[in-house]
Amino acid sequence: MLAAVGEGATGLALLIIPSLVGQLLLGEPLTGIAVPVARVAGIALVALGVACWPGSPLIGMLIYSLSVALYLAYLGFAGGLTGVFLWPTVVLHVILTAFLARDFMRRKRD
């Protein structure tokens with residue numbers, strides 16, 4: 001559980017203050033495209049923390065997939081970042097989120 005809390009806390013820090021985390025970890029503040037990449041890593045670490053919590057790996061995957069889909073879509077619409085694989089990745093994560101949500105609901109019923 002200690003590892004789960006540590007990963008989650010690091011992930012939240014990357015989401016909220018990615019430049020400071022970069023400075024503390026790597027000795028250089030994160031700038032430019034490194035900031036959204038660090039935030040995706042932060043989402044992954046938060047989801048990993050949830051997945052490592054006893055009894056919730058599926059919830060961790062669901063949180064990751066939904067959060068990344070929403071954040072990447074936000075970057076595409078509001079942030080002006082539109083690489084060739086951005087929208088296919090958003091669609092893939094939306095589909096994955098739908099499958100994970102279906103599995104979660106099925107397990108919850110059983």
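**Figure 1. Helix α3 passes helix α4 in a right-handed crossing.** This is a predicted model. Helix α3 covers residues 34-52. Its axis and that of α4 come within 7 Å. The two axes cross at roughly 165°. An angle over 145 degrees counts as roughly antiparallel, so α3 and α4 are roughly antiparallel to each other.

**Figure 2. Residues of α3 meet residues of α4.** On the α3 side, the contact includes P36, R39, V40 and I43. A44, A47, V50 and A51 also belong to the α3 side. On the α4 side stand P57, I59, G60, I63 and Y64. S67, V68, Y71, L72 and L75 also take part from α4. What classes of residue make up the contact of α3 with α4? There are 15 nonpolar, two polar and one charged residues.

**Figure 3. Helices α4 and α5 cross in a left-handed way.** Helix α4 runs over residues 57-77, and α5 over residues 86-109. Their axes come within 8 Å. The crossing angle is roughly 150°. The cut-off for roughly antiparallel is over 145 degrees, so α4 is roughly antiparallel to α5. By class, the contact of α4 with α5 has 19 nonpolar, five polar and two charged residues.

**Figure 4. The largest nonpolar core has eight residues.** Which residues build this core? They are I43, V68, Y71, L72, A73, L75, L86 and V90. Helices α4 and α5 each supply at least two of them. Helix α4 gives the most, with five residues. Another core lies apart from this one. That other core has six residues, among them L14, L30, V35 and L45.

**Figure 5. V68 is a member of the largest nonpolar core.** Which residues does V68 contact, leaving aside its neighbours within four places in sequence? V68 is in contact with V40, I43 and H93. I43 is also part of the largest nonpolar core. V40 and I43 are on the α3 side of the contact between α3 and α4. H93 is found in helix α5.

**Figure 6. H93 sits in helix α5.** Is H93 buried or exposed? Its relative accessibility is 12%, so H93 counts as buried. The cut-off for buried is under 20%. H93 touches Y64, S65, V68 and A69, not counting residues up to four places away in sequence. Y64 and V68 also appear on the α4 side of the contact with α3.

**Figure 7. R106 is another residue of helix α5.** Its relative accessibility is 39%. That value lies between the cut-offs of 20% and 50%, so R106 counts as partly exposed. How far apart are the C-alpha atoms of R106 and L12? They are separated by 30 Å. Along the chain, R106 and L12 are 94 residues apart.

**Figure 8. The whole protein has five helices and zero strands.** Read along the sequence, the pattern is α-α-α-α-α. The C-alpha trace spans about 50 × 35 × 15 Å along its principal axes. The protein has 110 residues, and buried residues make up 31% of them. Take the contacts between residues at least 6 apart in sequence. Of these, 62% join residues at least 24 apart.

Definitions and conventions: Residues numbered from 1 in each chain as written. Predicted model: local features only at pLDDT ≥ 70, side-chain atom pairs only at ≥ 80, totals over all residues. Heavy atoms only, no water. Core = buried A, V, L, I, M, F, W, Y, C linked by side-chain atoms within 4.5 Å. Buried < 20%, exposed > 50% of the residue type's maximum accessible area, 1.4 Å probe, protein only. Helix = DSSP H or I, 4+ residues; strand = E, 2+ residues; numbered from the N terminus. Contact = heavy atoms within 4.5 Å. Axes fitted to C-alpha atoms, helices over the stretch in contact; angles between N-to-C directions. Parallel < 35°, antiparallel > 145°, perpendicular 65-115°, else oblique. Left-handed = near helix turned anticlockwise from the far one by under 90°. Nonpolar A, V, L, I, M, F, W, Y, C, P; charged D, E, K, R; others polar.
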